[in-house]
2 protein chains.
Amino acid sequence: MASISTVRTYTGPEIDRMLESGDVRGKVSKNDLPTPALIVDLDAFEDNCRKMAGFVRGAGRAFRPHAKTHKCPAIAKYLISQGAVGVCAARLSEAAALAAHGVTGLLVTTAVIGRQKIERAIALGAMRPETIFVVDDAENARRLNEAASAAGLTLHVAIDLFVGNRTGVAPLAPAVAVGEVIDGLSNLRLAGIQAYAGQASHTVGFENRKLVSIEAMTPAVETRRMLERKGIPCPLLSGGSTGTYNIDAAIDGITELQPGSFLFMDLDYSRIGGQSGEIYDDFRNALFVIATVVSRPKADLAVVDAGYKAFSTDRPFPPRWRGGAEYPYGFAGDEHGRIALKDGQSPRTGDRLEFIIPHCDPTVNLYDRIYAVRGEQVEAVWPVAARGCSQ
Amino acid sequence: MASISTVRTYTGPEIDRMLESGDVRGKVSKNDLPTPALIVDLDAFEDNCRKMAGFVRGAGRAFRPHAKTHKCPAIAKYLISQGAVGVCAARLSEAAALAAHGVTGLLVTTAVIGRQKIERAIALGAMRPETIFVVDDAENARRLNEAASAAGLTLHVAIDLFVGNRTGVAPLAPAVAVGEVIDGLSNLRLAGIQAYAGQASHTVGFENRKLVSIEAMTPAVETRRMLERKGIPCPLLSGGSTGTYNIDAAIDGITELQPGSFLFMDLDYSRIGGQSGEIYDDFRNALFVIATVVSRPKADLAVVDAGYKAFSTDRPFPPRWRGGAEYPYGFAGDEHGRIALKDGQSPRTGDRLEFIIPHCDPTVNLYDRIYAVRGEQVEAVWPVAARGCSQ
């Protein structure tokens, strides 16, 4: 394996201190990272960001990528520097962690349920008044309004629509009824609609996916029109995903896209098929886990130090060695993976192997840091500041 | 649902500050916890600890439970107060995090591979001289010795044996050869042998499991005898698991047990069968995730706020509602779960449901805190200080 010499040789504890402080540039190489390590290939990552941001801009839509994928303030701010209007956050605690690090333009994509969560939403709304919260229920809207009123705030809210998957109120009349309630409340301002069709994002085959997404999003577009026909302004319709960005951007009435996985890509998205072929290659794999061979119990078995705690296991396929099919990975429990070897194959104990991950979001949620790598050098350490913030 | 009134009503942000500081006793109830929340039922947990510690003591073995299950210094210290000689740690970074919080008697159960990891092991050995490291390769033993010698330290090492699963050197002659190398090195002291038979732990049916464990552990016992016949003292033979504790404790020559999951139990262990029946009920389920219903998109669907980021997904069965079969949980992506409802069933938006987890170790690794609950009250907040420490 290629290795680049660093300016000098550091000890393990010295490396740990540099990784902790983030003072790594020109000092720490990829081979210095303690494994399992989550790395992002900066060249691929920047290409992915530029491509998606450029596409969305060209399509005349707003770009509010979903931060549940990366949970990193550094990445959120980079995306905003590339033209994003802000970022989505799956939960209040995720949004609060991003806001605490200076991220703006937040859309919290799950409803805020219960008195104490509403009180936390008020605290976030006071800190970042542009934040948008979602609502799918009139009673919840009234409670948000009471709390906002008591705090002397106006909260921006979007109606969360159930478009076949996940959460929300049914489109058309039921959603319009919620919109009318919001419109009548003193301290809520209707920002518009959120409609996330998860069933579309992962439909295999571009033409199938297009049919599923159009079927899901058409009632969302119609709901927006119904509200506007009633004189209730509905500026926002936020939808889309990495699987449907170039489908939803062509649907008239969708104003904003909130894709997430395009940053990193993963094996799950690779298999859904692209516009021009069986492999979805609109974006490049940019996220990898480096593992080390820690034992060679038998001639045909190498054991690496990455198992269920290093890769999420929610997909029915394992991680794949970055170099190809030569080293097939199999899970071997919480802490280990097995590589079945043919006669005479390396690797040796101490060798490092990089793996493409099955599914990016829940894998990132296992790590406290993403190491940003260019070539062999570690350029930055990005704390996953909202890791574990699912509340 | 039953609810206990706290002394006064706190706001969400006030609750967050109390959970952060740990000042919760008499103030915070289970219903105040932001969800998804990982809780331990203290009554069940303490019963489990007492039962296992008492059993191991009665069997005349040492007790070094595996901390990879909980990653909490508070739990490690509690176990030591119950008679444990220390705790196992899966990795160096996990051991270091525990040691930094005052935990003693560490056995690091994965070999320390590579120059920088060896330097980190030396730092840990200097801080906690009783720490035991494992080795399965003569060359690795020599490198550890060189580093220990340069640092003026003596490191305790155990031979990691491959007994059918995971890592290690083959038993009998190959392991004895490694032992002879260690015995001849100036700055290593042979503590003994570690032999973990993961294939035995989860074998379904007590009699089957007994056969598998005895078959796996017999060569480990014989390896220990071979070393001692050569005049190489081998005081330690550490094995066992929650599945095999009462099997391995009856095998002459095994000196120490390192079970982990007995603390919490999970659906995975429940199904392996006990000595007296189809359900393994030696220990009680003590670990639960509280989720909240955040949306009711349809009459037959409740959506809760706990998905792949709240439960590990490495087992082929989903979480189970603590109350029984009434609310069947299905994963609905990174952040959500679906409860399929029959006509007229509650729950309503805002209701809380507690779930038994499929597999404890990788689920704990998703959370920064375990809330220790007795009845309705939160008695303590246990930081999962070694969360993510898989390096």
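Me: Which residues is Ile370(A) in contact with, leaving aside neighbours within four places in sequence?
Reply: This is a predicted model, in which local features need pLDDT of at least 70, side-chain atom pairs count only at pLDDT 80 or more, and totals for chains, interfaces and linings use all residues. Residues are numbered from 1 along each chain as its sequence is written, chains are lettered from A and ligands numbered from 1 in the order written, and side-chain values use heavy atoms, leaving out hydrogens and water. With contact meaning heavy atoms within 4.5 Å, the partners of Ile370(A) include His70(A), Cys72(A), Phe264(A) and Trp382(A).

Me: Where is the place of Thr313(A) in chain A?
Reply: Strands are DSSP runs of E, at least two residues long, numbered from the N terminus. Thr313(A) lies in the loop between strand E11 (301-304) and strand E12 (320-321).

Me: Why does Thr313(A) count as buried?
Reply: Buried means under 20% relative accessible area, with a 1.4 Å probe and protein chains only. Thr313(A) counts as buried because its relative accessibility is 15%.

Me: What turn lays chain A on chain B?
Reply: The copies are superposed by least squares on the C-alpha atoms of residues with pLDDT of at least 70 in both. The RMSD is 0.0 Å and the shift along the axis 0.0 Å, with a turn of 180°. The copies are therefore related as by a two-fold rotation axis.

Me: Which C-alpha of chain A is nearest the axis?
Reply: The distance from the axis is 2.8 Å. The C-alpha belongs to Thr313(A).

Key
Helix = DSSP H or I, 4+ residues; strand = E, 2+ residues; numbered from the N terminus. Buried < 20%, exposed > 50% of the residue type's maximum accessible area, 1.4 Å probe, protein only.
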